[in-house]
Amino acid sequence: MSQQPRRRPSKPYRRPQKDPVRILAFEALRAVDERDAYANLVLPPLLRKAREGGDFDARDAALATELVYGSLRRQGTYDAIIAQCVDRPLREVDPPVLDVLTLGAHQLLGTRIPTHAAVSASVELARVVLGDGRAKFVNAVLRKIAAHDLDGWLERVAPEYDEDPEDHLGIVHAHPRWIVSALWDALGGGRAGIEDLLEADNERPEVTLVARPGRSTAEELLAVVGEDSALPGRWSPYAVRLAEGGEPGALDPVREGRAGVQDEGSQLVALALANAPVEGPDRAWLDGCAGPGGKAALLAALAAQRGAALLASEKQPHRARLVARALEGNPGPYAVIAADGTRPAWQPAAFDRVLVDVPCTGLGALRRRPEARWRRRPEDLDGFAPLQRELLRQALAAVRVGGVVGYATCSPHPAETRAVVDDVLKGRGGEPVQVEWVDARPLMPGVPALGDGPDVQLWPHLHGTDAMYLALLRRTG
């Protein structure tokens, strides 16, 4: 009688281990994907809730932040690598599975987390949020990814620079090809400059504070934060940089509205408009696209010191409320209204200074909104173009003869900067406007590499700011 083979005892079922840090990071990525949310708006409340629940300490928050932002910045690169390790097109991989794979790829290729820990933590996350079946798929893919480091993978998935420069740079530096091409056109020059710019886009930006004139000073902010945790701004006399990020909302001057969080490039734009020479009186200022209120708050404080009044206008009522909150406590006269800058609620030639920081693709702030690079499309430029031109036309109509208009945008794309100004001044789509350029470069004293003028383009890799553009125009007729 033959003996039956002995069955190997099955392993007892083990509950997946919940990792609050990685679960939070996964939830943030899902919100970005499902709701078209921005990570800088989604992540802070998730972190706050986790800290209030006692699950998180500062190190946990730092790791969760790195996982979210790192995964989003490098998404295109990780997609190219993951595509080499799965047996189907990426579009056929369920988005939640792809999010777990991206988080795992970032831990393997973009952090110092040991390989075994990165794989096991990602598989445990998959078991919690996806189930055991798909966790096996995640495990198999991540083990393939772990076979090479990032440089090794880039050699495999990126074309040679000489064969296709834009595609090579796009995969190596995690930018869509069309954005690489547009940034390169705007920047000019050779390979070194564009690589420096793309690398700067992938760096975590500093948190920069602005001391609102007449209500606070940079010296006060440095004292409140502490010299070990803060540095003076590079260019703006009102700027303070937080060395370790920190929580600016916990600082008394910020909580009281005497200071705020504002990129130094935005400060420079507001200061340049405020300091541009005007002919005649200087009593009425307009911020025609004021939301969410950072530039308006700085302009209102500067206007108050000169006895001028600021009107801050914002089309969207909820953003107008943000502007009103930012201006609370300003000592000088000001008003906030919800109005469409293309259909002015004010009389023509009513203002001495006008700023229009127009809606745009936001390609100048990819450091802060890394998901925007994957969300934007070339056709978005056409969507913004008519609005940008009409806002500038109405701004020029709103300023009196001898007054100055500042056209600003957080994009270096040529189609959103000089092309808009040139079209308006030449009367394309409207009547020609009688203006003269004001050289913006002397109005940013000490700032290097501002180009040939008269307009100014700031750059993350050259100035440490967002890629803000500014053209200053004086009305002559």
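## Close-up views of a predicted model

**View 1. Cys-410, the residue that UniProt lists as "active site" in an unreviewed entry.** UniProt positions follow the numbering used here, feature names are shortened, and annotations may be inferred rather than shown by experiment. This is a predicted model, where local features need pLDDT of at least 70 and side-chain atom pairs count only at pLDDT 80 or more, while totals for chains, interfaces and linings use all residues. Residues are numbered from 1 along each chain as its sequence is written, and side-chain values use heavy atoms, with hydrogens and water left out. Look for Cys-410 in the loop between β9 (399–409) and α19 (418–425); helices (H or I, at least four residues) and strands (E, at least two) are DSSP runs numbered from the N terminus. Is Cys-410 buried or exposed? Its relative accessibility is 14%, so Cys-410 counts as buried (buried is under 20% relative accessible area, exposed is over 50%, and partly exposed is in between, using a 1.4 Å probe and protein chains only). Setting aside residues up to four places away in sequence, Cys-410 touches several partners, including Asp-357, Cys-360 and Met-468; contact means heavy atoms within 4.5 Å.

**View 2. Glu-314, one of the residues under "binding site" in UniProt (unreviewed entry).** Here you can find Glu-314 in strand β6 (residues 309–314). Glu-314 is buried because its relative accessible area is 7%. Beyond its neighbours within four places in sequence, Glu-314 is in contact with Cys-289, Ala-290 and Gly-291, among others. Those three also belong to the UniProt "binding site" feature (unreviewed entry).

**View 3. Pro-292, another residue of the UniProt "binding site" feature (unreviewed entry).** This time we visit the loop between β5 (284–287) and α15 (294–305), home of Pro-292. With a relative accessible area of 48%, Pro-292 is partly exposed. Which residues does Pro-292 contact, leaving aside its neighbours within four places in sequence? They are Arg-319, Leu-322, Val-323 and Ala-326. Arg-319 and Val-323 are also among the contacts of Glu-314.

**View 4. Thr-102 in helix α5 (residues 95–110).** Thr-102 counts as buried because its relative accessibility is 6%. Apart from neighbours within four places in sequence, Thr-102 is in contact with Ser-71, Tyr-78 and Ile-82.

**View 5. Helix α4 (residues 75–83) and its buried residues.** Tyr-78 and Ile-82 appear again here, buried along with Thr-77, Ala-80 and Ile-81. What do the buried residues of α4 pack against? Their partners are α3 (58–73), α5, α7 (132–145), α8 (150–157) and α9 (165–172).
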